[in-house]
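Please open the model in your viewer and keep the selection tool at hand. The tour below goes from stop to stop, saying at each one what to select and what is found there.

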Amino acid sequence: MNYKVRISDDFWNRYRNLVKQEMIPYQWAVLNDAISINIEKERDDASIPNEKSHAIENFKIAAGITKGKHYGWVFQDSDVYKWLEAAAYTLSYAWDDKLKKTADEVIDLIASAQEEDGYLNTYFSIMEPDRKYKRLGESHELYCSGHFIEAAVAYHEITGSEKALSTARKLADHICKTFGKNAGQIRGVDGHEEIETGLMRLYHLTGEKTYLNTAGFFLRERGKDPHFFEKQTADDQGKPVIDGIHKFPMKYYQMHLPVELQDSAEGHAVRLVYMCTALADLAKTTHDAKLAETCRKIWKNITEKRMYITGGIGSTVIGEAFTLDYDLPNDTMYCETCASIGLIFFARQMLSLESKAEYADVMERALYNTVLSGMALDGKHFFYVNPLEVVPKKSELDPGKSHVKPVRPQWLGCACCPPNLARLLASLDRYIYTVKEDEILINLFIRSTMECTYRGHTIQITQSCDYPKDGEIMFTVDHTGTDELPLKIRIPSWADGYKCSVDGRQTSADIINGYLEIRISIGEHRVNLHLDLEVKRWYANPNVSEDVGKVAIARGPFVYCAESVDNGENLHGLILPEEAKADYEWRADLLEGVGVISMQGFRIMAYDDDGPLYESAKRFTKKAQHIKMIPYYAWANRGENEMRVWLHESMGEVKL
Ligand code: FUB
Ligand code: ZN
């Protein structure tokens, strides 16, 4: 990273302290099975392992320190790697000798579990050493390797650990030797993209071209032979590594078409965005215009036709996947926390590829809504899927909704999301600004100081704000160079109005691609930005069948929701009149501090008796009701209750 950012923001530092103080120690205890918690299955499926994590124990067994069998998902190792990566980032803002020592020991343990030739995967080392790389569609071997490499790069960057780097290089060298188009190499890819990002990061760190080439090989090879997994399965003939996965269509793995021909978001949502993250990086690094165009097309399809207002993606639990354009059910959706995290990774790479604020808009939407909703305010309970509408009784009794949890579990059988959240929040400093050779982008409004070198001179940008509570943002730009500095400040697409002044003078700068473009001359300058943060109503495209006649409420980046703890049960009966005004009140005493929105609406009352299921006369009554809403991310922090983002809206008289 060619710049340093220090976050001093109250809202985000609460989260970053939570990662450091609560999430890292808590997750460490879980990974070591050192804490008694209730691990829930992510959905009603008998095959989900949920007795314990066993993730650290798997490494000890693989290293020969203890004896036993592997337990957990075949990709259980990745929980440890993501934890390690998160720990690394926390060390960059809150140094801790004890944590550093624990992390060093984890790296030693991982290195001991690594095989002589560099191979690293506890499941296959312990359980099926003869089936290495034989079932790549299911095995997650390269997925786990990618996560380790990412963690090791971060840990090396922050602590200078040579052991982390050498272990990662040994693994990467082994992979680069094993996979490729040469005789004797495996010409195939992993069912779950991730190795590509790991190798790209290792290339950026080391400059070693082999890593770039192999990342390019994996990405460009994808979909070239759509029958690769089938052929491997036929050759292997053993039982599936993960039951059921091999039955998914090739779209699930983004294997239905060569990558450069893909133009829509298909298949498993996390896989797709992980693939695109690496693809955008590769496109930029190798100046590949065709791949860049692929990224743009997929981005457009996600964000214009397949994304929830909360920045969630993935419309179905079957294959945790995208379905079709405008298919965005609110109560059976997937919206996995990891998928929105991956969308943020993708957005970050797109920003580096081209300076368009739409990427930062989506980054902000996903971050302030689905990502934060992925964890409870205590940092110790997590959602895997993030619904926009929940009725607890339906989650309990409707088998099609067993994945839609009304409260966050302490941990999950598949624990991909909790450590992913930790690593994103702990590395948030990497998303606020994009520093390019010829300009600096300000993407997110988070109180912070950024220092970088621009054309050989030091630039410091200090951002002061209390966003998104307040829309006044001040930047102090200290510029020691000789050239003017092109500074691009994002004007969020949700903002109807803004004002900007430089050193007290109103600027007439243009907004290009969503960024206000100003030029800062030498010396210290003050830029004041005011964003209108009024409460707004949002409507879905009428093609979204689930949202017709409904409205969502938002203020700035926060999407709001109604909970039954504030509004009584049967939220489906609530109606917001078109003309109802919104009251906004900051409540420091509620949910660690939230802005509460109240609107005068009404409720269609349920019958006192059960009443007939259908009748030709309207017998129901309406009752005035003050509808109270909280930011979506904070829902389900007050026990089990109903929740709804999209509310019915009553329209005035319709003249045709
Ligand atoms: O397959 C590994 C991880 O588990 C995926 O990224 C998540 O979607 C979950 O399926
Ligand atoms: Zn996940």
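Begin by selecting the five strands that form an open sheet in the order 5-6-10-14-13, where the pairing is mixed. This is a predicted model, and every stop on the tour should be read with that in mind. At the edges of the sheet you will find strand 5 (433-435) and strand 13 (511-512), each of which pairs on one side only. If you then keep strand 5 and add strand 6 (residues 440-442), you have two strands that run antiparallel and are joined by three bridges. Within this pair, colour Tyr433 and look across to strand 6, where its bridge partner is Ile442.

Next, select the seven strands of another open sheet, whose order is 1-7-8-9-15-11-12 and whose pairing is antiparallel. Strand 1 (3-7) and strand 12 (505-506) stand at the edges of this sheet, and because each has a single partner strand, one side of each is left without a neighbour in the sheet. To follow one edge inwards, show strand 1 together with strand 7 (residues 448-454), to which it is joined by five bridges in the antiparallel sense. A useful place to centre the view is Val5, which stands opposite Met450 in strand 7.

Move on to strand 22 (residues 622-631), which pairs with strand 18 (residues 558-563) in the antiparallel sense over three bridges. On the strand 18 side, pick Ala562, whose bridge partner in strand 22 is Met629. Now hide strand 18 and show strand 21 (residues 594-604) instead, which runs antiparallel to strand 22 and is joined to it by eight bridges. Here the residue to label is Ile604, which stands opposite Lys622 in strand 22.

For the metal site, select the zinc ion (ligand 2) and display the side chains of Glu336, Cys338, Cys416 and Cys417, which coordinate the ion at 2.1 to 2.3 Å. Glu336 contributes an OE atom, whereas the three cysteines contribute their SG atoms. Along the chain, these donors follow the spacing E-x1-C-x77-C-C. What arrangement do the four donor atoms around the zinc ion (ligand 2) make? The arrangement is tetrahedral, because the angles that they subtend are 93 to 117°. Of the donor residues, Glu336 counts as buried at 3% relative accessibility, and Cys338 is buried as well, with a relative accessible area of 2%.

With cysteines in view, you may wish to look for disulfides, but a search of the whole structure finds zero of them. Select Cys452, whose sulfur is 18 Å from the closest cysteine sulfur, in Cys465, and therefore too far for a bond. Then select Cys500, where the closest cysteine sulfur is again in Cys465, at 14 Å, which is also too far for a bond. Cys452 counts as buried at 4% relative accessibility, and Cys500 is buried with a relative accessible area of 3%.

Finally, go to helix 3 (residues 77-93) and select Glu85 within it. Is Glu85 buried or exposed? At 2% relative accessibility, Glu85 counts as buried. Its side chain makes a polar contact of 2.6 Å with the side chain of Tyr89, and a polar contact of 2.8 Å joins the side chains of Glu85 and Arg423. Leaving aside residues up to four places away in sequence, Glu85 touches Glu150, Ala151, Ala154, Arg201 and Arg423, so displaying these residues together completes the last view of the tour.

How values were computed:
Residues are numbered from 1 along each chain as its sequence is written. Chains are lettered from A and ligands numbered from 1 in the order in which they are written. This is a predicted model: local features need pLDDT of at least 70, side-chain atom pairs count only at pLDDT 80 or more; totals for chains, interfaces and linings use all residues. Side-chain values use heavy atoms; hydrogens and water are left out. Two strands pair if DSSP finds at least two bridges between them. Helices (H or I, at least four residues) and strands (E, at least two) are DSSP runs, numbered from the N terminus. Donors are N, O and S atoms within 2.8 Å of the metal (3.2 Å for Na, K and Ca); water is not among the atoms, so sites may look incomplete. Four donors count as tetrahedral if all angles lie between 85 and 135 degrees; four count as square planar and six as octahedral if opposite donors are over 155 degrees apart and all others between 65 and 115; anything else is irregular. Buried means under 20% relative accessible area, exposed over 50%, partly exposed in between (1.4 Å probe, protein chains only). A disulfide is a pair of cysteine sulfur atoms within 2.5 Å. A polar contact is a pair of N or O atoms within 3.5 Å; within protein, one must be able to donate a hydrogen and the other to accept it, and residues adjacent in sequence count only if both atoms are side-chain atoms. Contact means heavy atoms within 4.5 Å.
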